[in-house]
Amino acid sequence: MKRTLCFILALFALGTAYGQSFLEDVRLSLDKGFEGVYAKGDTVKVYAEVGKETPAVVKIYQNGYFKEARETLLPAGKSQVFSGAYDEAVALMFRLADPADPKDSTTVGAIVSPEDFRPGFDEPKDWRKFWRKQLKQMRRQKMEVRLTPVAVPGKDSLDYVCYDLEVNCITARPVRGYLALPRNAAPHSLPIAIKAHSAGKMTDRWTKATIKDAVKLAKSGNGAIALDINAHGILNGQDDAYYEAVGKELNGYSGWPVKDRESFYFNGMFLRLVRALDYLCSRKEWDGKRVLVTGGSQGGAQSAALAGLDPRVSMVVVDVPAMWDVGGMLVGRLSGWNKPLERAGVDSPEAKVAPYYDAANFMRHYTGELVVNVGLIDLTCPPADVWAVYNVCPASSKVMHPCAWKGHSGKYSLSKEERAQVKKKMDQYLSEAIDAYLQ
């Protein structure tokens with residue numbers, strides 16, 4: 001690897017009695033701008049713009065791993081803080097931190113030759129056989145559906161209906177979520193749209209299905225049969241005490257010990273998605289052609305699973321997707337969440353099960369359309385891993401939207417004003433893709 005490095009870094013000193021953070025006082029940027037994508041041999045240039053001369057620490061990460069740190073001094077104004085060229089695929093992160101408080105920092109990312117990344121795990125020879133057996137067993141159970149009408153808030157109640165949906169499944173919990181669609185929709189007139197949720201505390205807004213989100217998705221494009229599905233099959237619309245209790249019960253579920261392929265926690269989560277789609281496709285309103293699935297983080301893992309298991313899925317729209325290349329460690333990269341190799345070891349039972357649940361092996365079987373948002377400073381779902389899966393997916397059309405300042409869970413390493421602007425742009429990539437497909 002050829003590299004030329006040039007380091008001069010810094011940041012505003014404290015400006016008030018309470019001080020200002022690096023994040024607000026320093027602007028990190030790349031010569032490639034917003035997307036931060038470079039070809040092999042390109043020189044990656046990073047700049048910092050500060051108010052006055054001040055000491056700082058620069059930390060450099062490659063493929064998710066910390067590489068080096070240096071203390072230095074940066075003059076006031078805009079200065080180049082890094083210059084380097086690479087002749088192979090690599091994901092880079094540059095972090096400026098206060099020497100007195102390393103947690104006070106700002107970060108930017110870049111990626112070189114991302115089209116060359118490949119997943120760490122190969123597809124197991126019996127991958128198809130395993131999942132066909134799982135689906136066959138699930139579908140042997142006669143489907144029982146419970147639809148409970150719920151009130152749609154505000155003016156949307158004039159045009160949309162919503163139900164608390166429950167569908168039985170062979171899994172420990174049934175399918176549960178909120179189903180919304182236009183009122184009095186004609187037969188064969190609507191596409192299907194499914195929203196899958198990210199991980200987090202069970203009391204967090206983003207882990208729960210809501211009437212609001214179901215109706216919002218149902219309003220996309222020209223309208224849709226929209227399901228906001230709960231990842232864990234837990235009850236909808238309960239108080240915090242219920243979700244706190246469930247949270248204790250499911251604490252650490254992504255890292256629970258694994259005995260075999262069937263006992264892995266995500267087995268049930270993925271099967272419930274297919275069960276839900278089986279029901280949605282039975283509704284008379286479905287147009288018989290379009291099925292969209294979307295989600296962020298863990299929702300991106302669920303989206304990949306459904307897309308790879310069910311050929312009816314024709315559009316996938318995901319944001320910082322989890323479980324995309326959980327074998328990255330095998331090829332010198334930090335693996336994607338849930339990071340089984342880092343947590344349990346390469347010779348563990350979990351490592352043997354992981355390839356059957358890696359998004360790479362689901363997406364190898366997906367041929368519809370694909371839109372992905374990725375953050376170049378995301379260490380939870382590292383960009384090299386996301387790209388590795390993207391690269392092996394034989395989608396009929398696919399688009400990747402990278403952002404040099406985007407981290408995980410909606411975090412952006414920018415000042416408050418810039419953060420709002422960049423977040424809006426990244427969110428629009430997803431919403432516009434959904435709207436366009438559901439027209």
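Helices here are DSSP runs of H or I with at least four residues, and strands are runs of E with at least two, numbered from the N terminus. Counted that way, the secondary structure of the protein chain, taken from a predicted model, comes to 11 helices and 17 strands.

What about the overall build? For a chain of 439 residues, a compact globule would have a radius of gyration near 22 Å, and the protein chain comes out at 23 Å, so the two agree. Along its principal axes, the C-alpha trace spans about 70 × 50 × 40 Å. Of the 439 residues, 58% count as buried. The fold also brings together parts of the chain that sit far along the sequence from one another: take the contacts with a separation of 6 or more, and 72% of them involve residues 24 or more positions apart.

On the outside, the protein chain exposes about 18,600 Å², and carbon and sulfur atoms supply 50% of that area. As for charge, there are 58 positive and 51 negative side chains. The centres of these two sets lie 5 Å apart.

Strand S12, covering residues 190–196, is a good place to look inside. Is this strand mostly enclosed or mostly open? Six of its seven residues are buried, so S12 is largely enclosed by the rest of the structure. S12 has strand partners, too. With strand S14 (residues 286–296), S12 pairs in the parallel sense over six bridges. With strand S13 (residues 225–229), S12 also runs parallel, and four bridges join the two. Lys195 shows up in both pairings: this residue stands opposite Thr294 in S14 and opposite Asp228 in S13. As a general point, side chains in a regular strand alternate between the two faces of the sheet.

Asp31 gives a look at a loop instead. Where does Asp31 sit? This residue is found in the loop between strand S1 (27–30) and strand S2 (37–38). Its relative accessible area is 38%, and because that value falls between the 20% cut-off for buried and the 50% cut-off for exposed, Asp31 counts as partly exposed. Which residues does Asp31 touch, leaving aside its neighbours within four places in sequence? The list is Tyr38, Thr43, Val44, Lys45 and Tyr47. Take Val44 from that list: Asp31 and Val44 are 13 residues apart in sequence, and their C-alpha atoms are 7.3 Å apart in space.

Methods: Residues are numbered from 1 along each chain as its sequence is written. This is a predicted model: local features need pLDDT of at least 70, side-chain atom pairs count only at pLDDT 80 or more; totals for chains, interfaces and linings use all residues. Side-chain values use heavy atoms; hydrogens and water are left out. The radius of gyration is taken over C-alpha atoms; the globule rule is 2.2 Å times the number of residues to the power 0.38. Buried means under 20% relative accessible area, exposed over 50%, partly exposed in between (1.4 Å probe, protein chains only). Contact means heavy atoms within 4.5 Å. Accessible areas come from the Shrake-Rupley method with a 1.4 Å probe; for residues, only the protein chains shown count as cover. Lys and Arg count as positive and Asp and Glu as negative; His and the chain ends are not counted. The place of a charge is taken as NZ of Lys, CZ of Arg, CG of Asp or CD of Glu. Two strands pair if DSSP finds at least two bridges between them.
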